[in-house]
Amino acid sequence: MAEPVTTYLCLGGNLGDRMAALTDALRLLDATPGMRCTACSSVYETEPWGVSNQPSFLNLVAAYETTLSPVDLLAACKTVEETVGRVASYRWGPRLIDVDILLYGSKVVDSVEPDLQVPHPRMAQRAFALVPLAEIAPHAIVPPQGDTVRLLLDEVDGKDGVARWGALPDR
């Protein structure tokens, strides 16, 4: 069996019952073989990124110990999105749920799968991902440069568009 790796997943959505979608996605991730949640951030309400003419998002970051490979983790994330009810839309458009891999240990993954790049290629530009990530893992190292999450958060624009919304309900 593979050694567990710490991965950080960013979950978000801006359609329907946003909190229910986050909770459902986390329950499904928790039930995925090879996944064990070790930390979960607060829930944040965030302004849309990329396409601004849409409802606000709820976002959070969850830490998992996983024995899944990056490719299998991506497949699990896509399965969770489909099961919760995500329907394909346009890039950066509104969605019921989104589950993105931010970090996978200290590994850099590129070009294995078309949708798989780790660390997430736009993470350093997204306050909606860095604020909750810094809440649970401020000292995590982001490869390959080796910056900490806290340093990236200090440098990112848009933090004023990320507001703590509340705690996650028990799941």
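Here is a short conversation about salt bridges and strand pairing in a predicted model.

Student: Before we start, what should I know about the model?
Tutor: Residues are numbered from 1 along each chain as its sequence is written, and side-chain values use heavy atoms, with hydrogens and water left out. Because the model is predicted, local features need pLDDT of at least 70 and side-chain atom pairs count only at pLDDT 80 or more, while totals for chains, interfaces and linings use all residues.

Student: How many salt bridges does a search of the whole structure find?
Tutor: A salt bridge here is a side-chain nitrogen of Lys or Arg within 4 Å of a carboxyl oxygen of Asp or Glu. One of them joins Asp24 to Arg27, with the closest N and O atoms 3.6 Å apart. Searching the whole structure gives a total of seven.

Student: Is Asp98, the partner of Arg86, buried or exposed?
Tutor: The closest N and O atoms of Arg86 and Asp98 are 2.7 Å apart. Buried means under 20% relative accessible area, exposed over 50%, and partly exposed in between (1.4 Å probe, protein chains only). Arg86 has 28% relative accessibility, so Arg86 counts as partly exposed. Asp98 has a relative accessible area of 12%, so the answer for Asp98 is buried.

Student: Which residue in β10 stands opposite Thr46?
Tutor: Strands are DSSP runs (E, at least two residues), numbered from the N terminus, and two strands pair if DSSP finds at least two bridges between them. Strand β3 (residues 43-46) and strand β10 (residues 162-166) are antiparallel partners over four bridges. Within β10, the residue opposite Thr46 is Val162.
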